Amino acid sequence: MKSTSRLFAVVKSERFLTPGNPTGLTGLLTHPAPRSQLIYLYSSTLDKLSKIPEHSVYRQSAEAITKQRLSIINGFKPPGYEEWAQRAKKKIEEHPNVFGKDRDPSSVFMSAQLTEEKDFRDVQWDNRKQPAGLEGTRTPEERNQASGVVTRAAYTPEADIVQWENEPPLEASQIAEIEDKIGAGLIEEVIQVAEGEHQLVDTMIESKSWEDLEEKPPQGQWDYFARDQHTPGTQEPPKAKN
């Protein structure tokens, strides 16, 4: 069913999926970079889970499935990945103050390409430059006195803006194979689940769900829900008639 819904959305067979195209599921569009997105979410989730005690059942279960799915994602490399990794590594070495030293290219998940430098202070005024000065109603004398104090400094863009090349995309066949191995729907659905888990860890840490209840439950409170406690036993099969 997973492959069918994707095929209904793609009229012709393509080597790569087109970002933003329908997936076949209402409201769910094709993700532009599912591999890097999942690696980021799973890696960050594991970092957060490390803050929860190891005896926590939630940590044990969430950690196991996160590691299992991360290993599946890491097992697939898009075409041209090795060449991209070399270029990315060189870029990182050229800007150690931005990325840090010995940074793995695959751990750079988010980037922005600035095409035009603008003074962000003018954006909220529809790109109309606003004169510097005191706000509100002022007399000419007050404005003259303030002119030497209130000045608008020249806008200087960040010196370390790096044009980052995004990771090459996975082929459609690779994405289909990942979806089959994970077995949880389309890869966009897998991303949604990973995003939810990524947020849930924060809630679990905040509530300290691994700690004992402040008020101990009465003895036998949960016995009714225990396995095979609400029925005396299995009925005997009816005897065959001669």
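**A buried arginine in α3 and the course of helix α9**

R59 is buried, with a relative accessible area of 10%, which places this arginine under the 20% cut-off for burial. The structure discussed here is a predicted model, and R59 makes a convenient place to start looking around it. The residue belongs to helix α3, which covers residues 57–74. A polar atom of the R59 side chain sits 2.5 Å from the backbone oxygen of I52. I52 is also among the residues that R59 touches once those up to four places away in sequence are set aside; the others are L49, S50, P53 and E54.

Attention can now turn to helix α9. This helix runs over residues 187–207, 21 residues in total. From its first C-alpha to its last, α9 reaches 30 Å, close to the 30 Å expected at 1.5 Å a residue. The buried positions of α9 begin with I187 and E188, continue through V190, I191, A194 and H198, and include V201 and M204. Just after the helix comes K208, where phi takes a positive value near 50°.

Q199, another residue of α9, offers a contrast to these buried positions. Its relative accessibility is 56%, so Q199 counts as exposed, the cut-off for that class being over 50%. Along the chain, Q199 and T45 are 154 residues apart, yet their C-alpha atoms are separated by 8.5 Å. For a reader following the model on screen, Q199 in α9 and R59 in α3 are two handy landmarks: the former is exposed, whereas the latter is buried.

Conventions: Residues are numbered from 1 along each chain as its sequence is written. This is a predicted model: local features need pLDDT of at least 70, side-chain atom pairs count only at pLDDT 80 or more; totals for chains, interfaces and linings use all residues. Side-chain values use heavy atoms; hydrogens and water are left out. Helices (H or I, at least four residues) and strands (E, at least two) are DSSP runs, numbered from the N terminus. The expected span of a helix is 1.5 Å times one less than its number of residues. Buried means under 20% relative accessible area, exposed over 50%, partly exposed in between (1.4 Å probe, protein chains only). A polar contact is a pair of N or O atoms within 3.5 Å; within protein, one must be able to donate a hydrogen and the other to accept it, and residues adjacent in sequence count only if both atoms are side-chain atoms. Contact means heavy atoms within 4.5 Å.
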